[in-house]
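Trainee: I have this model open and would like to go through it with you. Where shall we begin?

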2 protein chains.
Amino acid sequence: MTDRPLLPLAGQGPRERSDAARNRDAVLAAALRLVDEHGAGAVTMESVAEAAGVGKGTVFRRFESRTGLFAAVLDHSEARWQESVISGPPPLGPGAPPLERLLAFGESRVTRTLSHAELFQAATGSHRRAYPVWSFTSLHVQHLLRELDVTGDIPLLAAALLAPLELPILIQQVHIEHLPLPRIVAAWQDLVRRVVIA
Amino acid sequence: MTDRPLLPLAGQGPRERSDAARNRDAVLAAALRLVDEHGAGAVTMESVAEAAGVGKGTVFRRFESRTGLFAAVLDHSEARWQESVISGPPPLGPGAPPLERLLAFGESRVTRTLSHAELFQAATGSHRRAYPVWSFTSLHVQHLLRELDVTGDIPLLAAALLAPLELPILIQQVHIEHLPLPRIVAAWQDLVRRVVIA
DNA sequence: AGTTCAAACGGACCGCGGTCCGATTACATT
DNA sequence: AATGTAATCGGACCGCGGTCCGTTTGAACT
């Protein structure tokens, strides 16, 4: 559980107190359990605090906001998925040609996002986008685009390809316009081919 | 102010009571005023109710939720912008070749979205995307793509082009990554060219 | 005008996210 | 072990979005 520090953190600020560390782990564990027991939408900050045996203030001090807490929870499950992208079997993982990997990435990302929809929603505050999660997908797509010898503004091109895979857009298409998933995936892959071929 | 019905509405449900209509107009007017006086973020539902001289319950009955109310407010100002797209001067309006119109559309959309950021944010609930606003931009882009003889899944292609222009993505790029606006616009236009040329 | 009733009203009420601050406690120093 | 102190703790508290329900009111009918 204690997998800090996410960023190397030039270890110099006065070390963290042991009770603080223990409490953070307890809160995160409680949140993790409650989320998969009742779904992210039904988990309140107070219920997490209670389940962790701490006060509400402690939860907020450690995770800043509801968004922050759920971002931490999300990170946890993202890790496994990132693993499969980085070192899993092809075509998602390494070993397949870059274009195939990119196409597989899209499909995988869509299904993953939709299957953890509630959690993604809870982890996406109206403010700051969850940085670690975001940056991994971005860097991966950038990497593949470069391997494909795509020219131009790679970071922004990657962002443009990722944007249609964001939860709100998928929600709209799947739950409001009732478009079938395969069609959505196919359209995204078509987009990718156009961008890459050019 | 009374510009109902947005959808023709096969006028048959028992007609709306006069006090209801009056109150809806009062609420919308109050919201409009408060928003541009204090900014959308600082306007509470209760303050709108008070300013309109009605109870809070009335505001919610008419507009469903905070998101709904602000969507109505947004519609108001969107109308003028849509006007300039439909019948304003080229290259945004008709008269210019479709590709130029599309490129101009992107730039215009980006600046508009960012300049009304607060309002867009308030009008975008965690649920349902504001339908009228969304569908106009979508239909317009679809229209231009067809004029450009683009083949493929036009509705989803349009959605993919619009996705990177959504507020959360722009916020990320402008306020967190500190990318200059012209670069963002240029990258989007590059994307469009790739899609169209292919 | 009087009667009726569905619809609209409005403000008390609820739950949740988030803040605050006095009490508590881990750790360093002597 | 005793002391100092800065960080942590936790729960009372706040404001806001949203709901509920007893009361009022517009309008159709007689």
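Mentor: Let us begin with a pair of helices in chain A, bearing in mind that this is a predicted model. The axes of helix 1 and helix 3 of chain A come within 10 Å and cross at roughly 95°. Helix 1 of chain A is therefore roughly perpendicular to helix 3 of chain A.

Trainee: Which residues make the contact between helix 1 of chain A and helix 3 of chain A?

Mentor: Helix 1 of chain A contributes A:N23, A:R24 and A:V27, and helix 3 of chain A contributes A:T58, A:V59 and A:R62. By class, this contact has two nonpolar, two polar and two charged residues.

Trainee: Now chain B. At roughly what angle do the axes of helix 1 and helix 4 of chain B cross?

Mentor: Those axes cross at roughly 75° and come within 10 Å, helix 4 of chain B being residues 66-87. Helix 1 of chain B is therefore roughly perpendicular to helix 4 of chain B. B:L28, B:A31, B:L32 and B:V35 of helix 1 meet B:L69, B:A72, B:V73 and B:H76 of helix 4.

Trainee: And how many residues of that contact are nonpolar?

Mentor: Seven are nonpolar and one is polar, with no charged residues in the contact of helix 1 of chain B with helix 4 of chain B.

Trainee: Let us turn to the DNA. Which residues come nearest to strand C?

Mentor: A:S18, A:G57, B:V54, B:G55 and B:G57 come nearest, out of 23 residues around DNA strand C. Helix 1, helix 2 (45-52) and helix 3 of chain A each give two or more residues to this surface, as do helix 1 (18-38) and helix 3 (56-63) of chain B. Helix 3 of chain B gives the most, with four residues. By class, the surface near DNA strand C has five nonpolar, eight polar and ten charged residues.

Trainee: What about strand D: how many residues surround it?

Mentor: DNA strand D is surrounded by 24 residues, and the closest are A:V54, A:G55, A:G57, B:S18 and B:R66. Two or more residues come from each of helix 1 and helix 3 of chain A, and from each of helix 1, helix 2 (45-52) and helix 3 of chain B. Here the largest share, four residues, comes from helix 3 of chain A. The surface near DNA strand D divides into five nonpolar, eight polar and eleven charged residues.

Trainee: Which residues of chain A does UniProt annotate as a DNA-binding region?

Mentor: The unreviewed UniProt entry gives residues 44-63 of chain A for that annotation. In the model this span is 80% helix and 0% strand, with its end C-alpha atoms 14 Å apart. UniProt, again in an unreviewed entry, also lists "domain: HTH tetR-type" for residues 21-81 of chain A. Over those residues the chain is 82% helix and 0% strand, and the end C-alpha atoms are 26 Å apart.

Trainee: How is chain A divided into domains?

Mentor: Domain 1 of chain A covers 17-64 and domain 2 covers 67-197. Their centres, taken over C-alpha atoms, are separated by 28 Å. Eleven residues of domain 1 are in contact with nine residues of domain 2. On the domain 1 side, helix 1 (18-38) and helix 3 (56-63) each supply at least two residues, and helix 1 has the largest share, with four. That side comprises eight nonpolar residues, two polar and one charged.

Trainee: Then the two protein chains. Which helix of chain A gives the most to the side that touches chain B?

Mentor: Helix 10 of chain A does, with nine residues. Overall, 27 residues of chain A are in contact with 27 residues of chain B. Helix 8 (154-162), helix 9 (167-176) and helix 10 (181-197) of chain A each supply at least two residues to this side, which divides into 16 nonpolar, five polar and six charged residues.

Trainee: One last topic, the backbone. Where are the cis peptide bonds?

Mentor: One joins A:P90 and A:P91, with omega about 5°; another runs from B:P90 to B:P91, with omega near 10°. A:P91 lies in the loop between helix 4 (66-87) and helix 5 (98-115) of chain A, and B:P91 lies in the loop between helix 4 and helix 5 of chain B.

Trainee: What is the phi of A:E64?

Mentor: A:E64 has a positive phi of about 75°, although it is not a glycine. Most residues other than glycine have a negative phi, and most peptide bonds are trans. A:E64 lies in the loop between helix 3 and helix 4 of chain A.

Technical notes:
Residues numbered from 1 in each chain as written. Chains lettered and ligands numbered in written order. Predicted model: local features only at pLDDT ≥ 70, side-chain atom pairs only at ≥ 80, totals over all residues. UniProt positions renumbered as here; feature names shortened; annotations may be inferred. Domains from an automatic or database assignment. Contact = placed C-beta atoms within 7 Å. Nonpolar A, V, L, I, M, F, W, Y, C, P; charged D, E, K, R; others polar. Near = placed C-beta within 6 Å. Axes fitted to C-alpha atoms, helices over the stretch in contact; angles between N-to-C directions. Parallel < 35°, antiparallel > 145°, perpendicular 65-115°, else oblique.
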